[in-house]
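This report is meant to be read beside the sequence and the 3D view. It moves from the whole chain to a surface patch, then to a pair of helices and a few single residues.

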Amino acid sequence: MTLPWSIPPALFLLAAAVVCSLAERRVGHAAGVLAGLLALAWSLAAPTGGHLPARLFGFEAMPVAVDPLSRTMGVALGFVAAADAAYAYATDADATMTAYALAYAGVCLGAVFAGDWLTLVVCWELMAIGATLLVWHRGGPALRAGFRYAIYHEIGGAFLIAGVLLHYLRVGSFVFGAGGVGGFSPGLPALLAVVGIGLNVGFLGLHPWLVDSYPRPHVAASVVLCGFTTKVGVYALARAFPGGHDAIAAMGGAMVLVGVTLAILQTEVRRLLTYHIVSQVGYMVAGVGVGSALGRAGGMAHLLNNVLYKSLLFMVGGWLILRTDSEKLKRIGGLARETPVLFATYAVAAFAIAGVPGFNGFVSKGMVIDSADAADLDLLWWALVVGGVGTVVSFAKFGYYAFLGERRGESDSTVARLSPVEAAPLVAVALACVLLGLFPDLLFALVPPGTDAAKVFVVSQFTKAGAVLVAGLAAFALLKRPLSRLGAVPDLDSVYHPAGRAALDAAVEATTRIARALDSLASAGDAAVERWRTAGFPEGRLDPIGVSVLLVVLVLAAALFVVFAA
């Protein structure tokens with residue numbers, strides 16, 4: 001690989017982060033938009049198969065490598081990084097927060113364009129730091145959420161590092177594909193890796209950090225977090241298990257069903273959207289788990305599409321929060337008339353995530369469902385289809401309360417429409433969702449091979465999508481009244497977080513007791529030595545230096561005895 005392709009695209013965003021932290025606010029955010037677009041252009045133009053060999057910590061490494069998997073990620077992350085920088089400027093995010101977001105996006109790009117596990121792990125750990133800073137920056141309740149985020153992700157990182165080291169011992173190299181092994185070495189290395197990666201992905205049981213942290217920071221920080229963290233995890237999963245696995249496919253189906261069920265039950269804007277991350281990532285995990293060319297291509301296509309429409313949904317949700325000063329869906333209402341651009345972009349994102357024909361989610365969701373059908377995984381197929389019905393229910397609920405229903409909040413004041421600067425990033429992302437839905441060949445050119453088996457514009461796909469849409473709308477009509485009476489719905493965080501606090505308190509108390517015991521032991525030892533030094537000897541008869549030398553000699557003699565006796 002020669003210049004300019006040997007320049008890691010992560011450097012564009014890292015440099016923009018520095019500019020954003022030092023320059024005037026308008027200049028810094030403009031640099032962020034430019035850096036994201038440069039990363040997008042680099043991802044589209046860099047030659048497939050290009051790589052940059054190097055040495056990292058004395059080991060063979062490949063800090064930059066381009067293949068269809070990394071290209072998909074680069075296109076998605078570069079575009080959304082640019083859109084989020086513009087969104088951050090429009091929502092009055094301060095320069096420090098945007099600098100954190102750009103730096104975080106940069107290390108995410110570093111992870112997906114790495115050609116070896118060692119480089120990926122370094123970027124993985126930097127991702128945990130960057131995301132923690134993004135959550136912490138808001139202050140207040142976000143501080144505890146950021147602390148918990150750091151703990152979750154350092155535990156996951158430890159599992160991944162252990163798996164990577166065991167994999168290295170098996171094949172003798174960190175480079176992807178070394179030793180003829182396509183992904184992770186089977187057995188314990190693969191098990192450790194799937195747990196570590198699964199935490200970033202949001203596997204069921206490992207997902208509470210999502211709903212704990214994503215609703216807390218500034219709305220622009222939520223956008224970049226939702227578009228990056230779990231998607232880099234899915235990329236790593238596809239890299240580690242290129243042939244798929246039935247257990248991974250089953251986990252994907254479970255994520256779809258549980259995630260969408262919990263989303264339907266939510267009453268807060270960002271909490272509902274965050275549970276849909278769990279559900280939508282489930283489609284990607286299912287495609288990776290199926291392992292066929294169609295499943296892999298469908299999973300990565302859904303990843304790219306989800307980065308677009310999920311980021312758009314968080315942008316819309318952010319404006320709802322800023323305009324109404326409320327996270328509660330039931331306190332918003334009636335905004336379709338007052339903010340038509342916001343409603344129109346919401347409609348695009350909602351149609352895309354629900355898989356309505358003509359929008360990008362319809363294309364990729366159909367590919368994943370068809371891959372399950374082709375593999376004769378009937379239970380998975382039903383889970384994915386039923387999950388689609390639940391998606392329609394939840395976004396019919398979101399749209400009804402936010403845009404169509406009557407406002408129930410305390411204020412009856414008119415909500416201001418979006419200005420051109422405020423609307424621009426939303427419209428840009430919405431257009432991308434429509435463009436990839438109407439012209440799927442553009443999407444197929446960006447994802448790994450396997451799209452030749454995709455059946456997009458066939459009658460059966462339209463019939464299935466129509467049935468899911470009708471069933472979802474009917475279910476919402478039936479469930480609207482009971483759903484309106486629901487309050488807060490508990491999740492595993494109601495168990496994990498108190499248990500974590502208790503464990504932390506117990507660890508602090510135990511450490512304090514041990515420290516006090518050691519201090520008492522040391523004091524007793526000092527007193528005993530002093531008594532021994534002075535007992536039976538005239539004043540000044542025993543030299544303290546001589547005693548020290550004697551003790552050192554005795555310790556060395558004991559050590560030598562142990563060594564030679566062994």
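How many helices and strands does the protein have? The protein has 21 helices and 2 strands, where helices (H or I, at least four residues) and strands (E, at least two) are DSSP runs numbered from the N terminus. This is a predicted model, in which local features need pLDDT of at least 70 and side-chain atom pairs count only at pLDDT 80 or more, while totals for chains, interfaces and linings use all residues. Residues are numbered from 1 along each chain as its sequence is written, and side-chain values use heavy atoms, with hydrogens and water left out.

Of the 566 residues of the protein, 54% count as buried, a term that stands for under 20% relative accessible area, with exposed being over 50% and partly exposed in between (1.4 Å probe, protein chains only). The protein exposes about 23,600 Å², and carbon and sulfur atoms supply 69% of that area. Among contacts (heavy atoms within 4.5 Å) with a separation of 6 or more, 81% are between residues 24 or more positions apart.

On the surface, a nonpolar patch of about 1,000 Å² includes Phe-57, Val-122, Trp-136 and Ile-155. Patches are made of residues with over 30% relative accessible area and no salt bridge, and nonpolar side chains (Val, Leu, Ile, Met, Phe, Trp, Tyr) are joined within 5 Å; a salt bridge is a side-chain nitrogen of Lys or Arg within 4 Å of a carboxyl oxygen of Asp or Glu. The elements that give two or more residues to this patch are helix 5 (117-136) and helix 6 (141-171).

Three residues, with their places and relative accessibility, are set out below.

| Residue | Place | Relative accessibility |
|---|---|---|
| Ile-155 | helix 6 | 46%, partly exposed |
| Val-385 | helix 16 (residues 378-404) | 12%, buried |
| Asn-360 | helix 15 (residues 360-374) | 0%, buried |

Not counting residues up to four places away in sequence, Val-385 touches Ile-369 and Val-468. Val-385 and Gly-253 are 132 residues apart in sequence, and their C-alpha atoms are 9.8 Å apart in space. With the same exclusion, the residues touched by Asn-360 include Asn-305, Tyr-309 and Cys-433.

The axes of helix 14 (residues 340-354) and helix 16 come within 10 Å and cross at roughly 170°, the axes being lines fitted to C-alpha atoms over the stretch in contact, with angles from 0 to 180 degrees between N-to-C directions. Helix 14 is therefore roughly antiparallel to helix 16, a term for angles over 145 degrees. Among the residues that make this contact are Leu-342 and Tyr-346 of helix 14 and Phe-395 and Phe-403 of helix 16.

How values were computed
Patch = residues over 30% accessible without salt bridge, like charges linked within 9 Å, V, L, I, M, F, W, Y side chains within 5 Å. Areas by Shrake-Rupley, 256 points an atom, 1.4 Å probe, with all protein chains shown as cover. Parallel < 35°, antiparallel > 145°, perpendicular 65-115°, else oblique.
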